[in-house]
Amino acid sequence: MNEPAILPISYDPSGTMIHETGISQADLVWLAPRLVAARNEVLDDLALCQSGEPVPKEKGPLDAAFIDLPERMLEEHAAKGERSQLARIRAAADSLAERVEQVVVLGIGGSYMGARALFEACCHPYFNQLGRLQRGRRPRIFFEGNNLDNDAMSGLFDLLLGEGPHRWGIVPISKSGSTLETAVALRILLERLCSECDNDLTKVRDLIVPVTGLKSRLRALCTAMECPEMFPIPDGVGGRFSIFTAVGLLPAAIMGLDPIKLLEGAAVTNRRFCNSEPGDNPVLDYVGVCHLMESRRGATTRVLSTWGKGLEAVGLWYDQLLAESLGKDGQGALPLTCVNTRDLHSRGQQHQEGRRDKLITNLIVEHPKSELVAVKPSTLNQDQLNDLAGKSLPEILAAALAGTNRAYADDRRPTADLRLPRLDEHALGQLFQMFMLATVVEGRLIGINPYGQPGVEAYKRHMNEFLRGK
Ligand code: PA5
């Protein structure tokens with residue numbers, strides 16, 4: 001039997017085609033050759049990464065190896081089966097999930113935001129509050145190592161230590177292995193775990209599954225502890241582009257998600273990106289619209305308006321991707337995630353009538369995962385909702401979206417719609433890859449190296465000086 005086809009995500013920028021405040025089809029046609037040139041440069045970057053030849057100075061750092069990672073992982077899985085990295089990730093995830101009740105994922109920035117996005121989008125909205133059976137026998141998931149917050153860490157102790165000995169594990173994720181937030185959190189939690197395990201390292205190491213770069217302090221630490229399983233973050237794949245390495249796939253598998261479906265989704269985006277012309281290519285069309293809105297209409301704020309609660313962390317993952325990649329040399333649009341309808345009651349006023357410096361991209365899920373919940377008729381009609389009886393929450397949400405788009409259009413405020421068929425691994429795989437490709441294409445289009453984050457180093461340096469007096 002054939003596998004069901006993967007439903008594609010879609011991008012519709014027709015709400016940006018507005019005279020004077022938006023763009024036109026002719027603008028997009030004009031930009032098309034430059035978009036194609038930027039795509040070619042991105043694909044040349046990948047070829048250079050694969051060639052193993054030295055990277056010219058003006059191109060460095062060059063972390064383009066994320067592009068074909070989904071296909072490489074899937075091919076290796078098809079060829080090597082149980083010996084493939086994908087199978088090892090799943091086996092390590094299943095083994096940890098069987099043994100522990102809670103897993104703390106440690107990481108910051110690109111080393112945790114993708115996992116968190118997957119958790120919020122694909123798992124049950126109250127996953128951690130459910131019993132083990134309802135969680136599909138998967139552990140509760142917590143995220144730490146992404147701050148230096150005493151009360152948050154101490155609150156985590158209360159949760160973990162209440163669970164009884166050996167019932168929790170740690171997945172420390174850091175490519176460099178020296179990011180202080182993550183390293184300090186690991187040191188603190190390790191000490192707790194050790195004391196729970198009577199300082200028996202043979203027990204402790206079975207509860208830790210690290211993901212780290214090939215030459216990192218974290219690798220050295222976990223090698224010294226003889227951790228039985230450890231996953232690499234390959235050279236040529238930068239932190240915020242690493243969601244399809246073990247950085248995203250291991251936590252996803254621990255949560256019970258299917259890493260293969262994520263990779264299959266990403267591969268669909270790759271095919272569309274490489275083979276379709278502008279006008280029928282979501283990556284290039286998205287970049288074209290964002291770039292024209294910024295350069296011609298001063299839309300320096302890019303609002304990602306997510307509809308429904310599950311996509312907030314996806315938006316935050318994208319905020320980081322765009323901000324850290326293109327916010328350089330005095331350039332780079334400001335990404336801003338909204339969750340609607342919640343934020344219509346906080347930011348809506350400004351987006352409707354404030355400064356005309358925004359492009360709004362709606363991120364919409366077409367079908368909910370669970371059974372429809374609807375308004376019922378009631379003898380208590382003081383709230384006057386009987387005329388909505390029979391309407392489901394998705395129908396009411398769709399009306400809010402249509403109403404918001406109409407209100408923006410009436411005021412000549414441009415909007416575009418990005419649609420996901422469902423909030424699942426196939427759709428998110430497509431979306432993550434689309435955003436990563438769009439970010440590097442835009443970088444090449446505007447002459448900014450999207451890889452690396454030289455600006456972040458300054459705070460790290462000064463923090464270390466203050467702490468260590470060096
Ligand atoms: O995108 C990036 O490279 C950064 O956001 C990193 O992921 C973040 O700084 C964490 O770095 P590391 O994985 O080395 O701890």
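Modeller: Domain bounds come from an automatic or database domain assignment. The structure itself is a predicted model.

Biologist: Which residues make up domain 1 and domain 2 of the protein chain?

Modeller: The domain assignment gives two domains for the protein chain. Domain 2 covers 69–257. Domain 1 is written in two segments, 10–55 + 265–455.

Biologist: How far apart do the C-alpha centres of the domains lie, and how many residues does each domain bring to the contact?

Modeller: The C-alpha centres of domain 1 and domain 2 are 30 Å apart. Contact here means heavy atoms within 4.5 Å. On that basis domain 1 contributes 28 residues, and the number from domain 2 is 17.

Biologist: What is the strand order of the open sheet with parallel pairing?

Modeller: This sheet has 5 strands. Strand S3 (140–144) and strand S6 (231–232) each pair on one side only, which makes them the edge strands. Reading across from S3, the order is S3-S2-S4-S5-S6.

Biologist: Which residue stands opposite isoleucine 173?

Modeller: Strand S4 spans residues 168–174 and strand S5 spans residues 211–212. The two pair in the parallel sense over 2 bridges. Opposite isoleucine 173, in S5, is valine 211.

Biologist: Which helix packs on this sheet, and what angle does its direction make with that of S4?

Modeller: The helix is H9, residues 246–255. H9 touches strand S2 (102–106), S3, S4, S5 and S6. Between its direction and that of S4 the angle is about 160°.

Biologist: What is the strand order of the sheet with mixed pairing?

Modeller: It is an open sheet of 5 strands. The edges are strand S1 (10–12) and strand S8 (334–340), each pairing on one side only. The twist from one strand to the next averages 20°. From S1 across to S8 the order is S1-S10-S9-S7-S8.

Biologist: Which residue in S8 stands opposite arginine 302?

Modeller: Strand S7, residues 301–307, runs parallel to S8 and is joined to S8 by 7 bridges. Within this pair, arginine 302 faces proline 335.

Biologist: How many residues surround the ligand, and which are the closest?

Modeller: To be counted here, a residue needs a heavy atom within 4 Å of the ligand. By that cut-off, 13 residues surround it. The closest are Ser111, Ser174, Ser176, Thr179 and Gln320.

Biologist: What share of the ligand's exposed area does the protein bury?

Modeller: An oxygen atom of the ligand is 2.6 Å from an N or O atom in the side chain of glutamine 320. Serine 176 places a polar side-chain atom 2.7 Å from a ligand oxygen, and a polar backbone atom of glycine 239 is 3.4 Å from an oxygen of the ligand. The ligand taken alone exposes 380 Å², of which the protein buries 91%.

Biologist: Where are the cis peptide bonds at proline 61 and threonine 341?

Modeller: Most peptide bonds are trans. The bond from glycine 60 to proline 61 is cis, with omega near -10°, and asparagine 340 is joined to threonine 341 by a cis bond with omega about 10°. Proline 61 sits in the loop between helix H1 (25–51) and helix H2 (69–80). Threonine 341 sits in the loop between S8 and helix H13 (348–353).

Biologist: What is the phi of aspartate 329?

Modeller: Aspartate 329 lies in the loop between helix H12 (312–326) and S8. Most residues other than glycine have a negative phi. Aspartate 329 has a positive phi, near 50°.

How values were computed. Residues are numbered from 1 along each chain as its sequence is written. This is a predicted model: local features need pLDDT of at least 70, side-chain atom pairs count only at pLDDT 80 or more; totals for chains, interfaces and linings use all residues. Side-chain values use heavy atoms; hydrogens and water are left out. Helices (H or I, at least four residues) and strands (E, at least two) are DSSP runs, numbered from the N terminus. Axes are lines fitted to C-alpha atoms, for helices over the stretch in contact, and angles run from 0 to 180 degrees between N-to-C directions. A polar contact is a pair of N or O atoms within 3.5 Å; within protein, one must be able to donate a hydrogen and the other to accept it, and residues adjacent in sequence count only if both atoms are side-chain atoms. Accessible areas come from the Shrake-Rupley method with a 1.4 Å probe; for residues, only the protein chains shown count as cover.
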